[in-house]
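Please look through the sequence and the model below before reading on. The report that follows takes up strands, one buried helix position, some backbone angles and the cysteines.

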Amino acid sequence: MAMIESTVILDGSISATSRAKRRIFPAESSIILVGCRGAGKRTLGFIAAKHLGRRLVTEDHFFEQSTGCSRATFLQKYGRETFNQQMAIVLSRMLNQNQTNCVIECGTGTLTHDTEELLRGYTETNPVIYIHRDKEDLYKLLKLPVADAERLLITDQKHREFSNLEYFNLFDSSGEVQARTADDFSLRSASTSSARLVEVKQDFKIFLDHIFGHGLTRSWVANPFSIKAIPPEHRTFTFVLCLRLSTLINMTVDMAALEASGEAFELVIDTWPNNVLDLIATQVALIRRKLDLPIIYTVEENPREERKRSAEEKDVMDLEFLLHGLRLGVEYLSLDLERNPELVSRVLAVRGRTKIIGNYIVRGFGAPQWTDDVYVERYLLAQRLGCQIVRIARFSAVDRSDGLRRNFLERIKTFPDPKPCIIAYDFSVFGVVTPYQSYFMNPVGHDALEKSAREQMVGVGTTRGTMRGLFRKGSLQPLNFYTLGSNVYYSASPSMHRAAYEHYMMPHTFNARRCTSLEEIDRIRRDPNFGGALLTAPFKVVIMPRVDHLSTHAVAIGAVNTLLPLRGDTDSILDHANARNKAGAASRFYGDNTDWSSIVTCLRRAISPRNSVQPSRTTALVVGAGGMARAAIYALIKLGCRMVFIHNRTMAKAEEVAAHFNAYAMDQRLLGRQNEEPICRVIESAIDSWPDGYQQPTMVVSCIPASGTDDNPPVDFRMPSQWLKSPTGGVVIELAYEPLITPLVVQVRRIREEGDSSWVIVDGLEVVGEMAIEAFELMTGRQAPRRLMRQVCNETWEKTSAPFQPQR
């Protein structure tokens, strides 16, 4: 096992360190990426530069600029020794000249003492991220003989010594063409290809946001009611799925099958195989990719079924593991405050943005009762050390008094703010005594996995089983949810939401109800058991004056598609968010619009790299001018498109929508082409040519209801072929899904099959699936079982609608 630190830890008092020494980097500090060739530094550099709005600096380009020739030519010309000296000079100059607002890709293919010391110095001021990937993927990519590849990987490990962060670049299969059957092509029209590296982009953006502390802010601005905007320690009825490294490395169940099983994932390091640091990095990457949960990182001091370690060896090894977790940017790190004080101080000194959970576990018979002052003393110690959360577990064989534990929690509540969140529970030889003891972050297991013999805390409780118990005893109440509109008989939402309720054992209902007036909606939402509603035409715009609080997105779009009751006792958003899944009279309501974010998700997943959005060039077309068209335009603006064309049957309505978003763009100082032109323009007639001076659209969103509304016949629209001449193709989103095979879908299929260009089609069923997922999370405050909801969406459509679809 390669050691990052080999210093022997000495006994001493625990000390807190200043903020400046905790790896909290200035917002403008440049990011430095290091790692061997083939690790993916250049690709991740592009992702980081675009996400953070920075300039990408590559060592290859800078070397050529500085010396007038490539690195290969310089090496051939002057030899290895001179080349190494020049590399150190160029690297020093590159770093010194680009210390702020850059992403710097360092080749570091040749590691010398000078380059190592130079980079080690920058770890004091800048994020230096070691990028690495699975060795099998690297073998395939570089096509090296095994012996050469092994030497490369051994050298690559040295990057850990002069970096302060680490990112495991997990293989991403997005963008690869998936095999599809003939039936798939005849009925479904969803993307036959997609953007490359969709998952890597998302993973790395989240990692970067964590480093600079942007993640929570971005989520809060995007939607303060979203589950990512409120950390699990500030929400009620939250759970932590606890699994051990020893279980994960031998697990035969696909980790994706564990989705939506808690609000956080606790990874317990309890085994030490030879390549343990790489194994940990891989598991952290898999948890983020497949479960999308914040990680609590725990290093167990005395794991069962492992060899006994001396106190000195234990401290050295466990310090390395703890620092490794911080390097990986985990959201939480669990730190036992009974450990060696020097170890505790070392970890606290470099915590970065990771939240520290101060652990205090009282084991053995005769543990003090909750009335003992030792628990308050430990809580206050954790507070002095700067822990954000304190977790106290007390062994209780027979002397269990939950009233005493609750009294202890109430006592902590009386302490002045700000103070750490408190978790306290009793445990026995079978794990946690009762499934739900704390207000938040209760440890749970999973039905699909057998309890490990090494497990000491987690009992037999699971999230879904505990949720069922909370409803049964009245802590939470069954609610009624709806899709409301004039034409909702074909809605796919009810089946998806019901499946998600069943997943969590939540006794809610979800129904599609036809409404023809605002008065009907008012009657529904005043019911004490009203949980929320999805709004469809014709209510998205006209409901707005009747909604008490509107999200920034709803205001910007001028339409609402999600209606939530506000049942909090105060005006705090946190209070309202924690009142979800609870019945009662509601006099105030919150209106949001999530149509736009679902469209953004589908566009990002489908658009190819050559059609990536460039504000100065990319054009888009939106057909329609209703609520969904408004959401589509907003989505395109959010993606960076600054040239959006609108076509609608009623010219006046199209001009009204264009004026709305041009006013919004001016207010937000979003500039169109040449900083003068409006962002939105209207195309009057379908016989018009595509406007001169503008590229053909590479993003097309059709927002015309295929089945009509208010008993009106559907609009018989055919996309003018002269508007689909993009030489690089693009993405067409058809928001109608009943019928799924619309004239536009047939038309674009034909263009694609004729080979004129590469168009990706996203059908309405794919978009409605994303809408249902986001709506479920807003309405219930729980992570959606995404795979399950998408599966049910497809199955429901295949049973009820597929037999009646036009084939071509």
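Two strands are said to pair if DSSP finds at least two bridges between them, and the strands themselves (E, at least two residues), like the helices (H or I, at least four residues), are DSSP runs numbered from the N terminus. This is a predicted model, in which local features need pLDDT of at least 70 and side-chain atom pairs count only at pLDDT 80 or more, while totals for chains, interfaces and linings use all residues. Residues are numbered from 1 along each chain as its sequence is written, and side-chain values use heavy atoms, with hydrogens and water left out.

**Strand E10 and its partners**

Strand E10, which spans residues 355-362, is mostly covered, since six of its eight residues are buried; here buried means under 20% relative accessible area, exposed means over 50%, and partly exposed lies in between (1.4 Å probe, protein chains only). With strand E9 (residues 332-336), E10 pairs in the parallel sense over five bridges, and within this pairing Asp336 has Asn359 in E10 as its bridge partner. E9, helix H14 (residues 341-349) and E10 together make a right-handed β-α-β unit, where right-handed means that, with the strands pointing away from the viewer, the path from the first strand over the helix to the second runs clockwise.

E10 also pairs in the parallel sense with strand E11 (residues 389-395), over six bridges, and the bridge partner of Val362 in E11 is Arg394. From E10 the chain crosses through helix H15 (residues 373-385) to E11, and this β-α-β crossover is right-handed as well.

**A buried position in a helix**

Val200 lies in helix H9 (residues 198-212), and it counts as buried because its relative accessible area is 3%. Leaving aside residues up to four places away in sequence, Val200 touches Leu44, Ile47, Tyr167, Asn169, Leu170, Asp172 and Arg289, where contact means heavy atoms within 4.5 Å. Of these, Arg289 is 89 residues from Val200 in sequence, yet the two are 8.4 Å apart in space, C-alpha to C-alpha.

**Backbone angles**

Most residues other than glycine have a negative phi, and most peptide bonds are trans. The table lists two residues with positive phi and two cis peptide bonds.

| Place | Feature | Angle |
|---|---|---|
| Asn101 | positive phi | near 55° |
| Glu305 | positive phi | about 65° |
| Asp417 and Pro418 | cis peptide bond | omega about -5° |
| Ala537 and Pro538 | cis peptide bond | omega about 10° |

Asn101 sits in the loop between helix H4 (80-97) and strand E3 (102-105), and it is partly exposed because its relative accessibility is 41%. Glu305 belongs to the loop between strand E8 (295-299) and helix H13 (311-327), and it counts as exposed because its relative accessible area is 59%. Pro418 is in the loop between helix H16 (402-413) and strand E12 (421-428), whereas Pro538 is in the loop between strand E17 (530-535) and strand E18 (549-550).

**Cysteines**

How many disulfides does the rule count? A disulfide is a covalent bond between the sulfur atoms of two cysteines, and the rule used here is a pair of cysteine sulfur atoms within 2.5 Å. By this rule the count is zero disulfides. Cys102 is buried because its relative accessible area is 2%, and Cys242 likewise counts as buried because its relative accessibility is 8%.
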